Amino acid sequence: MRSGFGCDDCGSPAVRLPAILHDEAPIQCDRCGCTLMAWGAFKRRVEAEAPPEGGPAVDLIRAPGLAEAAAT
Ligand SMILES: [Zn+2]
């Protein structure tokens, strides 16, 4: 299991993202096309379940407190 996420209707973990991402944009199931939740809620759910890879991790590395902790 990769994310623990699945469509309530069909169980598919695949989602269809809106062309323009904003917190209120609806995320749709890629299999049945039903609206799952808003992008903002989906994003928070994914971030809560999986440690971010890429972008957000860079911010953590740049955080002064963490940099000092890594240097010691
Ligand atoms: Zn579905």
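Leu 17 is partly exposed in this predicted model, because 13 other C-beta atoms lie within 10 Å, a count that falls between the limit of 12 or fewer for an exposed residue and that of 20 or more for a buried one. The residue sits in the loop that links strand S1 (15-16) to strand S2 (26-29). Although Leu 17 and Gln 28 are 11 residues apart along the chain, their C-alpha atoms are separated by 6.7 Å.

The two strands on either side of that loop are themselves paired: S1 and S2 run antiparallel and are joined by 2 bridges, with Val 15 standing opposite Cys 29 in S2. On to the next pairing, S2 also meets strand S3 (residues 35-38) in the antiparallel sense, here over 3 bridges, and within this pair Ile 27 has Met 37 of S3 as its bridge partner. The hairpin formed by S2 and S3 has 5 residues between the strands, and in it Gly 33 takes a positive phi near 80 degrees.

Taken together, these pairings give an open sheet of 3 strands, ordered S1-S2-S3 and antiparallel in its pairing. S1 and S3 are the edge strands, since each of them pairs on one side only. In a regular strand, the side chains alternate between the two faces of the sheet.

After the sheet comes the helical part of the chain, for the elements of the protein, read from the N terminus, run β-β-β-α-α-α, giving 3 helices and 3 strands. Helix H1 (residues 39-49) lies across S2 and S3, and runs at about 80 degrees to S3. Arg 44 belongs to helix H1, and it counts as partly exposed because it has 13 C-beta neighbours inside 10 Å. The C-alpha atoms of Arg 44 and Asp 23 are separated by 10.0 Å, with their positions 21 residues apart along the chain counted as sequence separation.

For the protein as a whole, buried residues make up 3% of its 72 residues. Among the contacts between residues at least 6 apart in sequence, 16% join residues at least 24 apart.

How far the coordinates can be followed depends on the element in question. The mean pLDDT of the protein is 77, and 64% of its residues reach 70 or more; among the elements, S2 has the highest mean value, at 93, whereas helix H2 (residues 55-62) has the lowest, at 50. Where pLDDT is low, the predicted coordinates should not be read in detail.

Methods. Residues are numbered from 1 along each chain as its sequence is written. Helices (H or I, at least four residues) and strands (E, at least two) are DSSP runs, numbered from the N terminus. Two residues are in contact if their C-beta atoms, placed from the backbone, lie within 7 Å. pLDDT is the predictor's confidence in each residue, from 0 to 100. Two strands pair if DSSP finds at least two bridges between them. Axes are lines fitted to C-alpha atoms, for helices over the stretch in contact, and angles run from 0 to 180 degrees between N-to-C directions.
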